[in-house]
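Reader: I would like a close look at one part of this structure: the salt bridges. Please go through them in order and keep it plain.

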Amino acid sequence: MSAKIEAIIDQVEERQEELINLLKTLISFETPAPPARNTKEAQEYVASLLEEMGFDIDMWDVYPNDPNIIGTLKGNQSNEYNSLIINGHIDVAEVNEDEEWETNPFNAVVRDGVVIGRGAADMKGGLAGALFAIQLLREAGIELPGDLIFQSVIGEEVGEAGTLQCCKRGSTADFAIVVDTSELHIQGQGGVITGWITIKSNQTYHDATRRNMIHAGGNLFAASAIEKMTKVIDGLQELERHWAITKSYPGVPPGANTINPAVIEGGRHAAFIADECRLWITVHFYPNETYEHVAKEVEEHILKIAEADIWLRENPPTFTWGGLR
Ligand SMILES: [Zn+2]
């Protein structure tokens, strides 16, 4: 390791008070999501720090009062060297009334060597650490040959809206580091998608017709969408187990490619047969997979299960991928 780098690492220890103060300042901007729409001041502060360090700033509203920032520090040999994105979110988890805070969660304190405040770990600590590291490099006169792109984004707590907007704006690089909570283990992350699976009957039946749809001689070809969704859930578990056994990726724990049945809603009233049921799933996949491919695998497997069920065959589930409800 070069003496210059060693000197910088020493400074990380010697100047940790500065880092902690930066973190406390970031925490002091109240940016819980929900309710969200409250990150403008915090983002302006981050932008001002990046500007001081020579970054060009691109700042725009993802939602009113919730802007994203992309700061770019051009490398001195941009064409020949790889570029790096550092990505972090400025929003923090909401503060519920039943949380037993001894102090104001936005007025961080240091206790037993730990910074305590809302978002200290997730993930203003990561943002502060990255900003501080860049500052130390700048002060040491180290210029990076490749482009450094700093994305401070909103919307992590509600579906990664900010990072998605950065991608859609064409912000790309050869490598990316997301400085989120990691206990300092390097975590490989492929991706995650969410989607709704919907089972819908094209007719609504009264509760009194249930006898006709499930017993001999009833002569009514109909079903409860809720009961049929249980077959889908069983199928998802099978697929999840199959993936855990057959897929892997270096640096990612086995079985990380999970399918979580996260939310279920369905039925309309106790007086009716459930004519619709919706399941919101969260699917994790490995770095060598694409979300398009993974979504297709889920759809194909579930449609095969539907094919083997007499009612679902005629009323196949539909899929809506991405985003919120
Ligand atoms: Zn986070």
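Author: A residue counts as buried when its relative accessible area is under 20%, as exposed when the value is over 50%, and as partly exposed in between. The model is a predicted one. For the pairing itself, the cut-off is a side-chain nitrogen of Lys or Arg within 4 Å of a carboxyl oxygen of Asp or Glu. In general terms, side chains of opposite charge can pair when their charged atoms come close. By that rule the structure has 18 salt bridges.

One of them joins Glu-99 and Arg-118, whose closest N and O atoms are 2.5 Å apart. Glu-99 belongs to the loop between strand E5 (92-93) and strand E6 (109-111), while Arg-118 belongs to the loop between strand E7 (114-116) and H4; the two residues are 19 apart in the chain. Arg-118 has a relative accessible area of 14% and is therefore buried. Glu-99, at 25%, is partly exposed.

Another salt bridge runs between Lys-74 and Asp-147, at 3.0 Å from N to O. Lys-74 sits in the loop between strand E3 (66-73) and E4, and Asp-147 in the loop between helix H4 (120-139) and strand E8 (148-153), so this contact ties together parts 73 residues apart in sequence. The relative accessible area of Lys-74 is 58%, so this residue is exposed. Its partner Asp-147 has a value of 14%, which means that Asp-147 is buried.

Further along the chain, Asp-309 pairs with Lys-231, the closest N and O atoms being 2.7 Å apart. Lys-231 is part of helix H7 (residues 225-246), whereas Asp-309 is in the loop between helix H8 (291-307) and helix H9 (310-314), 78 residues away in sequence. Asp-309 has a relative accessibility of 3% and counts as buried; Lys-231, at 37%, counts as partly exposed.

There is also a network of salt bridges, which links Lys-200, Glu-265, Glu-276 and Arg-278. For placing these residues, the domain assignment gives domain 1 as 3-178 and domain 2 as 191-321. The C-alpha centres of domain 1 and domain 2 lie 39 Å apart.

Carboxylates also appear at the metal. The zinc ion is coordinated by NE2 of His-89, an OD atom of Asp-122 and two OD atoms of Asp-180, at 1.9 to 2.6 Å. The site links distant parts of the chain: His-89 is in strand E4 (residues 84-89) and Asp-180 in the loop between strand E9 (175-178) and strand E10 (191-200), 91 residues apart. His-89 is buried at 3% relative accessible area, and Asp-180 is partly exposed at 22%. The angles subtended by the four donor atoms run from 53 to 126°, and the arrangement is irregular because of this. Four donors would count as tetrahedral only if all angles lay between 85 and 135 degrees.

Last, the cysteines. A disulfide is a covalent bond between the sulfur atoms of two cysteines. A search of the whole structure finds zero disulfides. Cys-166 is in no disulfide, and the nearest cysteine sulfur, that of Cys-167, lies 6.8 Å away. Cys-166 counts as buried at 0% relative accessibility, and Cys-277 counts as buried at 1%.

How values were computed
Residues are numbered from 1 along each chain as its sequence is written. This is a predicted model: local features need pLDDT of at least 70, side-chain atom pairs count only at pLDDT 80 or more; totals for chains, interfaces and linings use all residues. Side-chain values use heavy atoms; hydrogens and water are left out. Donors are N, O and S atoms within 2.8 Å of the metal (3.2 Å for Na, K and Ca); water is not among the atoms, so sites may look incomplete. Four donors count as tetrahedral if all angles lie between 85 and 135 degrees; four count as square planar and six as octahedral if opposite donors are over 155 degrees apart and all others between 65 and 115; anything else is irregular. Helices (H or I, at least four residues) and strands (E, at least two) are DSSP runs, numbered from the N terminus. Buried means under 20% relative accessible area, exposed over 50%, partly exposed in between (1.4 Å probe, protein chains only). Domain bounds come from an automatic or database domain assignment. A disulfide is a pair of cysteine sulfur atoms within 2.5 Å.
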